[in-house]
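Biologist: I should like to take a close look at a single part of this model, the sheet, and at what is packed around it. Please explain it in an order that a first-year student can follow.

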Amino acid sequence: MAVAIDPNSLQLKDQVVSINRVTKVVKGGKNLSFSALVVVGDGSGHVGYGSGKAREVPMAIRKGIEAAKKSLRKVNITGTSIPHVVVGHFGAGRVLLKPAPEGTGVIAGGAVRAMVEAAGIQNVLSKSLGTTNPHNVVKATMDALLKLRSAAEVAATRGKELQEI
């Protein structure tokens, strides 16, 4: 289990990925509420996502931000890109992330772009495969980001020196 990250010690920026109007049919009619999917990150390797639901949009976003702060994780980044190609899975969603040279920028769609920018990655190529559901795409992107390993970690796992790899 990853070590919990204190959200108060970081300069977090939040970004709303999607807002969805949901209705619940009850005996007296329909109850209207809103659900919000929010991504937070400090732009230097910490990122998290959360979902909030409330009668008004601002309250749903606030709840989403609180949930996202609780799910913060550390991501391995090298310079302004990622160390290697990785595919993240969640449900029917798959997200492919590829490192890119300096000056490429973030080549990604909505949900993937929000996650990658919140993590502080500035040069990356991505492709969302499978579902377009923002919740599953965000979770698949988080899975991909958590799979990233630095060269030092790989060397330690293989029992070799960093120069050998």
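How many residues lie between β1 and β2 in the hairpin that they form?

Modeller: There are 2 residues between β1 and β2 in their hairpin. Before going further, please note that this is a predicted model, in which local features need pLDDT of at least 70 and side-chain atom pairs count only at pLDDT 80 or more, while totals for chains, interfaces and linings use all residues. Residues are numbered from 1 along each chain as its sequence is written, and side-chain values use heavy atoms, with hydrogens and water left out.

The names of the elements also need a rule. Helices (H or I, at least four residues) and strands (E, at least two) are DSSP runs, numbered from the N terminus. Two strands are said to pair if DSSP finds at least two bridges between them.

With these terms, the sheet can be described. It is an open sheet of 4 strands in the order β1-β2-β3-β4, and the pairing is antiparallel. Its edge strands, each pairing on one side only, are β1 (13-26) and β4 (73-74).

Strands β1 and β2 are joined by 13 bridges in the antiparallel sense. Two positions help to locate this pairing: V16 has V38 of β2 as its bridge partner, and N20 stands opposite S35, also in β2.

On the next side of the sheet order, β2 (residues 29-41) runs antiparallel to β3 (residues 46-54), with 8 bridges between them. These two strands likewise form a hairpin, with 4 residues between them, and G43 in the turn has a positive phi of about 80 degrees. G41 stands opposite V47 of β3. V38, already met as the partner of V16, has G50 as its bridge partner in β3.

Two helices meet the sheet. Here contact means heavy atoms within 4.5 Å, and axes are lines fitted to C-alpha atoms, for helices over the stretch in contact, with angles from 0 to 180 degrees between N-to-C directions. Helix α1 (residues 57-70) lies across β1, β2 and β3 and runs at about 145 degrees to β3. Helix α3 (residues 134-147) packs on the sheet as well, touching β1, β2, β3 and β4, and its direction makes about 160 degrees with that of β3.

Helix α3 deserves some detail. Its 14 residues reach 20 Å from the first C-alpha to the last, close to the 20 Å expected at 1.5 Å a residue; the expected span is 1.5 Å times one less than the number of residues. At its N-terminal end, N133 acts as a cap, with a side-chain oxygen 3.0 Å from the backbone nitrogen of H135. This is a polar contact, a pair of N or O atoms within 3.5 Å; within protein, one must be able to donate a hydrogen and the other to accept it, and residues adjacent in sequence count only if both atoms are side-chain atoms.

Burial is judged by relative accessible area: buried means under 20%, exposed over 50%, and partly exposed in between (1.4 Å probe, protein chains only). The buried residues of α3 include N136, V137, V138, A140 and M142. T141, also in α3, counts as buried because its relative accessibility is 0%. The side chain of T141 reaches the backbone oxygen of V137 at 2.7 Å. Leaving aside residues up to four places away in sequence, T141 touches V95, V112 and M115.

Helix α3 also holds a salt bridge, which is defined as a side-chain nitrogen of Lys or Arg within 4 Å of a carboxyl oxygen of Asp or Glu. D143 forms it with K147, the closest N and O atoms being 3.5 Å apart. The two residues are 4 apart in α3, about one turn of the helix. D143 is partly exposed, at 24% relative accessibility, and K147 is partly exposed too, at 35%.

The whole structure has 2 salt bridges, and R113 and E117 also meet in one, at 3.2 Å from N to O. R113 and E117 lie 4 residues apart in helix α2 (residues 110-119), so about one helical turn separates them.

Finally, one position lies beyond the edge strand β4: I82, in the loop between β4 and β5 (86-90). I82 counts as buried because its relative accessible area is 3%. Residues up to four places away in sequence aside, I82 touches L97, K98, P99, I121, V124 and L148. I82 and L97 are 15 residues apart in sequence, and their C-alpha atoms are 8.3 Å apart in space.
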